[in-house]
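Please read the following note beside the sequence and the model. The points are numbered so that each can be checked in turn.

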Amino acid sequence: MNRPIPVAVRRTTCPHDCPSTCGLEVEVLDEHTIGRVRGSTENSYTAGVICAKVARYAERVHSPNRLTRPLLRSGPKGSGQFREISWDEALDRIAEAFLAAEARHGTEAVWPYYYAGTMGQVQRDGINRLRHAKRYSEEFGTICTNLAWTGWIAGTGRLAGADPREMAKSDLVVIWGTNAVATQVNVMTHATRARKERGAKIAVVDVYRTPTMEQADIGLILRPGTDAALACAVMHVLFRDGLADREYLSEYSDVPAELEAHLATRTPQWAAPITGLSVGEIESFARAIGTTPKTFFRLGYGFSRQRNGTVAMHAVSSIPVVAGSWRHEGGGAFHNNGAIFRLDKTLVEGLDVRDPSVRRLDQSRIGAVLTGDRVALKGGGPVMATLIQNTNPMSVAPDQEKVRAGFAREDLFVAVHEQFMTDTAKMADIVLPATTFLEHDDLYRGGGNQYLLLGPKLIEPPGEARENHRVIGDLAERLGAVHPGFDMTAREHVDHMLRSAGLGGFEDHLEHPAIDLQPPFERAHFLDGFGHSDGRFHFAPEWTKVAADNDGPMGPWADLPRLPDQWAVTEETDAEHPFRLVTPPARNFLNSSFTETETSMAKEKGPRVMIHPDDLTDLGIADGEEIRLVNARGAVISRARAFDGVRRGVVIAEGIFPNSAHRDGRGINTLTGDDQCAPYGGPAFHDNRVRIEATKNGDRGGAAT
Ligand SMILES: Nc1nc2c(c(=O)[nH]1)N[C@H]1C(S)=C(S)[C@@H](COP(=O)(O)OP(=O)(O)OC[C@H]3O[C@@H](n4cnc5c(=O)[nH]c(N)nc54)[C@H](O)[C@@H]3O)O[C@H]1N2
Ligand SMILES: Nc1nc2c(c(=O)[nH]1)N[C@H]1C(S)=C(S)[C@@H](COP(=O)(O)OP(=O)(O)OC[C@H]3O[C@@H](n4cnc5c(=O)[nH]c(N)nc54)[C@H](O)[C@@H]3O)O[C@H]1N2
Ligand code: SF4
Ligand SMILES: [Mo]
């Protein structure tokens, strides 16, 4: 009789940069091998559901393309020619290059560079300990959350909100500027539960008919960058029709009378031509919100990636205040839970040895920094050496022509610690093989939920792959960097953070890795006061306050509107560039991750741009034809896809494909800008003007597969 082989099922946490931060159940087949990955059923936010790309994680972790040995460049920069070397030689060479850069130009010539390939608190942020101990240039992490978080905090005063599981208790779930089906599937789990169990309605606000909108009862497709106009008109209707909660407003907000007066002219008739929506669409959306006490606003990042994105986030987050939705369970709003986790990161990040006088360079301006832009360098000397962990700037960072020129510099030393041979690793002098979350220990914070989650090591790494934490420690030793955090294991760091938060230790959470830190209802709904010192929601934010203890306000901050309003700073079309380009995530990739797996690549096919069929007709371009998108920043070759779920004049390019998937090796971020948006920096990935040309290249090239 064939008996099934016993399989250990272990619980852990998805490390990817995704608001869902799912609890996982992983089949461990042996000490080197995993089987299937499922969503944890004991985790009340994951509720047994995860995305398809992580369900097939075995394909990624056991990919033949994993890096397994340290590599030294053996051909010209970017040639992709490398030879294997030992770890000792690789680390010695990096240390030598860093010490040489320091000796010639000072410590700020070294710029360790990282982001959120893993969201683990130790493996992601430990690079800062080396940075601070050595006084290397700091990184101002702007690429993702700046515009959104600044806008949210401007109003509410605290980066937190209603329990995201309350969506299931709502009567109207408004999913605004997030394609949750693709980017955080669990939002749909809870929203559709509300529909099933209570007959709730789902509304989606986006700039094209996403799979999320296809599941909605109310779908609003507005022009990119006009969310504040819609928000103002909605609030106008609430005041006009007696649907504003005046009692709540006088207790919980700063200037409700001034807001009402200001909104008097922000009618649906005013907003319709700005947003492209009809007056009827705006009226009935506003009415639905105003007559549904339990309206839950789930605000995503997408609509903040516009040059007026912070203002838009603040304007939209003002609606539940005017409507008084916060009073009700199943009502209110949620964006991110950053503020509920109070982890002591001193040892992980070396915060105690940080020197605030060291310059801070904008992550999103890496192209400008590496090409010697004086402003981007803060008037200081050049960056001569870098170690990159957890990010792929040669693909994901804006203004790629500058990024490419920077990485091509012969005098720049680049070490890249990676799981795969990414576009960035290809530009490196030394490539180091990295572990995945299944092969190291870490601790994760829920972005879109309320859990703190353990991620224990489950299997051994392939070949000689090493965890980030160890590499940082090994380099510290060679560089003479001293800090107690270097003498601890990753597990000890996790243990320390847990214990200092009064949450037990590492071992206590191995069986049940998710620790529920949901604040009580009164606090989560700001019923005990909003996060500002006056306890009120601010319709009139102190825009520059957020920047006060940092590098000062950025962008055209002096022109920021005092109250929620449409702010005309987006990159609008002109005669030469008649289209607005939006570049949102692809369902089967995670930023540039998973582009290395065959299944994801096969599902996404290749770079494509969704264009309205009537626009294609006017352009004389056929569905499927190869096209070139052009603006002042550069040109990208892609392929046209006729799609009637987008407005005329707006085009959508989903996914950050590897540069090599584009016929001339230039990825979508060639077209996006690295200018710092007001008031606190961050790039506007979805705010680009372009023109579209046929390449007349027949059917050759363009698509990846
Ligand atoms: N499958 C997958 N999942 C991901 C990612 C991925 O690449 N792939 N990336 C992860 C990361 S790092 C993040 S930060 C999150 C981001 O996830 P989201 O919060 O969903 O943000 P975005 O994906 O940037 O954009 C979401 C939607 O905003 C829309 N949008 C763009 N401009 C506007 C506008 O002006 N107004 C409105 N109303 N909508 C607009 C886009 O069309 C898109 O559908 O997703 C994470 N999850
Ligand atoms: N056009 C356009 N561009 C965008 C966006 C967009 O919407 N449109 N979104 C932006 C956003 S929101 C973000 S957050 C950025 C994200 O951009 P990135 O932070 O660069 O995200 P990924 O592309 O996922 O790259 C993460 C890399 O980290 C590696 N990695 C994962 N785990 C580990 C580990 O434990 N150790 C080491 N050493 N490496 C590891 C992965 O293999 C992967 O190559 O992209 C931005 N770029
Ligand atoms: S939905 Fe997001 S957090 Fe959940 S498994 Fe997929 S990538 Fe990970
Ligand atoms: Mo992100």
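1. Two strands are said to pair if DSSP finds at least two bridges between them. Strands (E, at least two residues) and helices (H or I, at least four) are DSSP runs, numbered from the N terminus. With these terms, β18 and strand β19 (residues 514-516) pair in the antiparallel sense over 3 bridges, and Y451 stands opposite D516 in β19.

2. The basis of the note should be stated. This is a predicted model, in which local features need pLDDT of at least 70 and side-chain atom pairs count only at pLDDT 80 or more, while totals for chains, interfaces and linings use all residues. Residues are numbered from 1 along each chain as its sequence is written, chains are lettered from A and ligands numbered from 1 in the order in which they are written, and side-chain values use heavy atoms, with hydrogens and water left out.

3. Strand β18 spans residues 451-455, and 5 of its 5 residues are buried. Here buried means under 20% relative accessible area, exposed means over 50%, and partly exposed lies in between (1.4 Å probe, protein chains only). Both faces are covered: Y451, L453 and G455 lie on one side, with L452 and L454 on the other. Strand β17 (residues 442-445) also pairs with β18, in the antiparallel sense and over 4 bridges; D442 has G455 as its bridge partner. The two strands β17 and β18 form a hairpin with 5 residues between them.

4. Strand β8 (residues 172-176) is mostly covered, with 5 of its 5 residues buried. On one side are L172, V174 and W176, and on the other V173 and I175. Which strands pair with β8? Strand β9 (residues 201-206) pairs with β8 in the parallel sense over 5 bridges, I175 being matched with V204. Strand β11 (residues 295-299) also runs parallel to β8 and is joined to it by 5 bridges; in β11, F297 is the bridge partner of V174.

5. An open sheet of 6 strands follows the order β5-β4-β16-β15-β14-β6, with mixed pairing. Its edge strands are β5 (82-84) and β6 (113-114), each of which pairs on one side only. Strand β4 (residues 71-73) pairs with β5 in the antiparallel sense over 3 bridges, where L71 stands opposite E84.

6. Helix α14 (residues 279-290) has 12 residues and reaches 16 Å from its first C-alpha to its last, close to the 16 Å expected at 1.5 Å a residue. The expected span is 1.5 Å times one less than the number of residues. Within α14, the residues I282, E283, F285, A286, A288 and I289 are buried. An α-helix has 3.6 residues a turn, so residues three or four places apart point the same way.

7. S278 is found in the loop between α13 (268-275) and α14. Is S278 buried, exposed or partly exposed? S278 counts as partly exposed because its relative accessibility is 34%. The C-alpha atoms of S278 and K603 are separated by 35 Å, and these residues are 325 residues apart along the chain.

8. The residues surrounding ligand 3 include C14, C18, C22, C51, K53 and L590; a residue is counted if one of its heavy atoms lies within 4 Å of the molecule. By class, the shell around ligand 3 has 8 nonpolar, 2 polar and 1 charged residues. Nonpolar covers Ala, Val, Leu, Ile, Met, Phe, Trp, Tyr, Cys and Pro, charged covers Asp, Glu, Lys and Arg, and the others, Gly among them, are polar.
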